[in-house]
Structure formats: C-alpha cells, structure tokens
Protein chains: 2
Amino acid sequence: MATEFTGTGDPARSMALLWRTAGDGGSKPGPRSALDVDRIVAAAVRLADAEGLAALSMRRVAAELGVAAMTLYTHVPGKGELVDLMLDSVLGELYPDEDVVASGAWRTRLRTLARANWDFFLRHPWALHLSSGRPPLGPGVMRKYELELRAVDGLGLSEIQMDLLVTLVNGFVRGTVGGVQEKVDAERVTGISEEQWWAATEPYVAQVFDAQRYPTAARVGPVAGEELGAYDPDRSFEFGLDRLLDGIGVLILDASR
Amino acid sequence: MATEFTGTGDPARSMALLWRTAGDGGSKPGPRSALDVDRIVAAAVRLADAEGLAALSMRRVAAELGVAAMTLYTHVPGKGELVDLMLDSVLGELYPDEDVVASGAWRTRLRTLARANWDFFLRHPWALHLSSGRPPLGPGVMRKYELELRAVDGLGLSEIQMDLLVTLVNGFVRGTVGGVQEKVDAERVTGISEEQWWAATEPYVAQVFDAQRYPTAARVGPVAGEELGAYDPDRSFEFGLDRLLDGIGVLILDASR
DNA sequence: AGACGACAACGTACGCCGTACGGAGTTATT
DNA sequence: AATAACTCCGTACGGCGTACGTTGTCGTCT
C-alpha cells in the first residue's frame with residue numbers, strides 16, 4: 001500500500017459532493033436510482049475498516065452493494081474522490097460531544113483531543129495512509145478544525161500559535177499511532193501475529209547482531225522489548241503525550257505572563 | 001497509494017539479503033550475473049525518489065536497469081522485500097557523523113537527531129509511506145536505533161524511558177513531516193501547485209463556509225493561511241520541536257533529581 | 001396518448017500491476 | 001564431454017482504475 005492521492009478532479013464537483021449540494025430535489029427524467037453517494041461511502045468505509053485500504057477497490061465496493069463496478073461512476077467521479085468522501089465522512093464521528101474539547105482546563109482539553117484522534121485512527125486505520133497535504137474541505141474537516149481550535153482558544157496565544165499547536169498535536173498522534181497501528185495492520189494483512197513474526201525473525205537477528213558495535217541497543221533493546229511488548233500498546237502514546245503537554249505548558253505559561 | 005507491506009516472505013531469506021550474507025564468494029556454475037541486489041536497490045531508490053512510491057513497479061525498475069521484469073526475481077524474492085531493502089539502504093545515510101548525536105548537550109543532540117530525520121524524509125518522501133510496524137531488521141535500521149539511543153543515554157533515564165523517548169521523537173518527525181511533504185508529493189503527482197489548487201478550491205469554500213458555525217476557524221484560518229503559506233514550510237517543525245524539547249526537559253530534570 | 005430526452009445501469013475493453021511457471025542459454029565442475 | 005546449477009526472460013493469469021458506448025427506464029412536454 002501507499003498513500004492515496006485525491007483532489008485531482010474538478011474542485012467544483014468535489015465540493016458539491018462533499019457538501020451534498022448537488023441535487024435540488026426537483027423531479028427529473030430517468031429511473032430513480034437505488035444508489036446514492038451516502039450508501040457508496042458507507043460501504044467503502046465498512047470495507048476499508050474491515051480489510052484495509054489495499055482491499056478497497058471499486059469492484060469490491062460495487063460488489064458489496066450488489067451492483068456492477070461502473071455503476072459507481074454514475075455517482076462518484078473516481079476512486080480519489082470516493083476516498084475524500086470517506087475521510088470527510090468518518091471525521092464527522094470525532095468529538096460527538098462538541099463542548100468537551102472547549103471546556104475545562106487546557107490540559108484536559110488537549111488530552112481529550114489527542115485521545116479522540118488516537119481512537120479514531122485505531123477505528124479507521126486506513127485514514128492514516130491518506131495524504132493530509134490537501135485535505136478534502138468538507139463539513140467533517142471543517143468541523144474538526146473548528147473544534148480543535150476552540151480547544152486552544154483563550155489561552156493568550158496568537159492565531160498562528162493556535163494553528164501551529166493544533167497541527168502539532170495532530171502530527172504527534174499521527175506519528176505515534178503509526179507505530180502501534182501498523183503492527184495490527186501487518187497482522188491482519190499478513191496473517192502472521194507479532195509473536196510469530198518475532199519468533200521467526202529473532203534467531204536470524206541473533207546471528208547478525210553484534211553487541212560490540214551496538215552496545216546501547218544491546219542494553220536497551222531486550223528491556224524495552226520485554227516491557228513494551230507485554231504492556232498496553234498505547235503506553236508510548238501516554239508517555240509522548242505527557243512530554244508534549246509539559247512542553248506546551250511552558251509555552252502557555254510564557255504567553256500568560 | 002497506500003502503505004506497502006513487507007516481511008511476508010521467508011525471514012531467513014530476507015535477513016540474508018539485508019545483511020548481504022548470501023554468497024560465500026566460492027565459484028559456482030552458471031553465468032556470472034550482470035545484476036546484483038545493490039544495483040537493483042539503487043535503481044529502485046532512484047525511481048522512488050524521483051517519481052514516488054506509486055511509480056515504483058517491478059517493470060519500471062527492470063526497465064531502468066535495461067532488463068526484463070522477471071529478471072529481478074532472480075535476485076529479490078518480491079516487491080515487498082525490495083522495499084525493505086530500499087528502506088534499510090537509505091537509512092544508512094542518516095548521521096554520517098556518528099559522534100554528533102552522542103556528544104554535546106542533550107538538547108542539541110535531540111535537535112540534530114530530529115533534523116536529520118526530517119531531512120531524510122524530505123529526501124526520500126516514499127519512506128513516510130512505509131509501514132514502521134515491522135521494520136526490516138537490517139544494518140541500517142540497527143545502526144539508526146543504536147545511534148539514537150546513544151543520543152538519550154547518560155541522562156539518568158531508565159532503559160524503557162530511553163526507548164520511549166526515541167520512539168517519541170521519531171513519531172513526532174513522522175507526523176509533522178507528513179503535513180509538509182505530502183503537499184510537495186501532491187504537487188508532483190497531480191501536477192497542480194499548492195497555489196493553483198487553493199485558487200481553484202477557495203471560491204467553493206467561500207460558498208459553503210459558514211462563519212457563524214465556525215467562528216474560531218474564521219478567525220484563525222485566514223491568518224494562519226497567510227502567515228504559514230508564505231513562510232518556510234518547516235516552521236511547524238521548529239515550533240513543534242521546541243515544544244517537545246521543553247517537555248522532554250521536564251522529564252530529564254526530574255530524572256536528575 | 002405518444003414521443004422525446006435525460007438519466008441509471010453496466011458490458012466490454014485497454015493498459016497497468018505483481019508474479020507463477022517453464023524454457024533457453026551459459027558456465028564451473030565432474 | 002556430460003552434467004548440473006545458474007541467469008535471464010517470454011508468456012500468461014488474475015487483479016486494478018476507468019473510458020466508452022449501449023440499453024432500458026422514466027418524467028416531461030406536445
């Protein structure tokens with residue numbers, strides 16, 4: 001797999017699809033469609049959740065809906081746009097309680113924000129592999145940006161700092177969840193569990209590993225492997241988040257002086 | 001694109017390839033090969049650097065080498081293993097001066113480490129899209145892990161904390177570079193510049209954007225867009241790194257007491 | 001009522017992809 | 001000289017995204 005690229009088509013069409021502003025509801029000639037964008041997007045999300053981005057093909061989605069592959073193209077310009085729609089759609093799940101990210105202490109707010117994104121990526125691992133460079137500017141993305149800005153509002157920070165901070169926390173979650181989630185992904189795709197993989201690989205590592213050349217790794221690796229292998233996988237998330245929040249605290253303290 | 005998965009084949013074969021422990025040098029029957037693993041990996045890296053992971057196909061790599069597609073399979077078990085080899089190979093570029101990450105103040109060391117990884121991902125954007133869940137345990141990966149552990153050694157931290165810290169900084173870079181690099185990626189792949197894309201999209205955003213519903217975004221978005229659009233793209237990297245280092249400083253201070 | 005035209009559905013086909021398989025040619029060893 | 005191992009690679013299969021054109025359905029207009 002590699003990252004899907006999107007936004008290659010007509011922006012007007014993409015925006016109309018994202019905001020569902022296409023049909024005016026007036027009756028039109030031609031048969032009523034049994035399909036619509038929402039059903040297609042929902043089926044695609046279900047498929048990607050269950051089997052990963054690699055399994056997401058127009059033919060598979062169509063099959064899921066009991067329809068021929070080309071039928072999808074009546075409703076969606078192409079796969080890229082479908083992926084955009086999928087992402088914007090699932091982003092709507094974030095922060096069901098909108099007030100939670102904007103009330104209470106800043107530390108709690110940011111922790112909630114980070115945790116929500118972390119859970120989100122665990123629920124929809126495929127979202128990790130989507131380009132974040134040119135996000136689909138649909139309602140889901142807009143809402144997410146707004147709510148996250150509220151979480152860092154009123155702290156005496158400049159607008160620039162607010163934007164940078166939101167980007168930072170999102171980047172941190174993306175980066176950190178990657179390491180954990182990709183293990184789960186790999187297990188599902190390859191059918192080989194983490195333990196099986198390590199058991200198969202470890203003997204060969206032992207053959208080539210030179211403790212003279214890598215003394216620090218020789219000391220830390222085994223301890224970390226035992227401790228972190230057995231523990232809850234999101235320990236690195238909590239650890240990182242604590243460090244990050246401490247650092248953000250310094251900034252906020254400075255800003256309030 | 002979506003993330004490439006690897007490590008599906010025989011671990012013994014993979015490790016032998018990674019460590020180049022296959023041939024014993026003894027003369028063997030059969031014609032001498034004009035090709036070898038290094039040449040294949042180098043060609044693949046060149047291709048991926050220039051045109052991205054999506055353009056990396058066995059046929060293209062073979063063409064680059066003036067050879068038929070299936071010829072590659074004589075030297076490499078499959079595409080997954082080739083990608084493993086590519087990653088381990090380019091990781092060897094990191095930290096050409098090995099002492100730099102292990103000497104001086106911890107803050108400088110970590111800054112150097114992060115910057116090196118940031119530059120690395122800018123040079124080889126495709127590496128971002130590779131699964132970090134089950135890294136190819138070759139010499140490049142081992143060396144990287146060792147050198148990064150040295151950067152956090154001697155600070156009074158436990159082995160676990162050292163491992164977590166290295167993971168954290170790496171995760172931060174991955175997450176942060178993604179946002180920047182994918183803009184560049186998108187530009188290369190789609191042929192549409194960031195400005196062109198925004199110019200084409202902005203009018204439609206204006207139509208659907210509701211400043212009542214998104215007051216904070218309405219306030220911050222334009223400022224951030226102007227300021228960060230014009231500035232050096234790695235400003236968010238520097239900003240994030242400063243926050244992160246401040247947070248790590250708190251941990252190290254605690255550990256030394 | 002009948003004709004028209006817009007629309008949904010979709011069969012076929014093209015050029016990509018990774019790679020399984022088996023054959024042809026080459027060369028060090030026996 | 002015979003053998004066996006080895007490299008190279010032509011062909012083919014089942015997947016992919018999707019361009020194109022046909023068919024059949026239905027709301028609308030005459």
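Q: What makes residues of chain B and chain A count as part of the contact, and how many does each supply?
A: Two residues are in contact if their C-beta atoms, placed from the backbone, lie within 7 Å. By that criterion the contact takes 72 residues from chain B and 72 residues from chain A. The largest share of the side of chain B that touches chain A comes from H7(B), with 21 residues; helices are DSSP runs (H or I, at least four residues), numbered from the N terminus. That side divides into 38 nonpolar, 19 polar and 15 charged residues, where Ala, Val, Leu, Ile, Met, Phe, Trp, Tyr, Cys and Pro count as nonpolar, Asp, Glu, Lys and Arg as charged, and the others, Gly among them, as polar.

The model is predicted: local features need pLDDT of at least 70 and side-chain atom pairs count only at pLDDT 80 or more, while totals for chains, interfaces and linings use all residues. Residues are numbered from 1 along each chain as its sequence is written, with chains lettered from A and ligands numbered from 1 in the order in which they are written.

Q: How do you know that the copies meet through the same surface?
A: Of the interface residues of chain B, 100% are also interface residues in chain A, so the surface is the same.

Q: Why is the relation of chain B to chain A called a two-fold axis?
A: Chain B superposes on chain A by a rotation of 180° with 0.0 Å of shift along its axis (RMSD 0.1 Å). That is the relation of a two-fold axis. The fit is by least squares on the C-alpha atoms of residues with pLDDT of at least 70 in both.

Q: What makes a residue near DNA strand D, and which are the closest?
A: Its C-beta atom, placed from the backbone, must lie within 6 Å of the strand. DNA strand D is surrounded by 26 residues, the closest being Ser57(A), Gly78(A), Gly30(B), Ala68(B) and Met70(B).

Key: Helix = DSSP H or I, 4+ residues; strand = E, 2+ residues; numbered from the N terminus.
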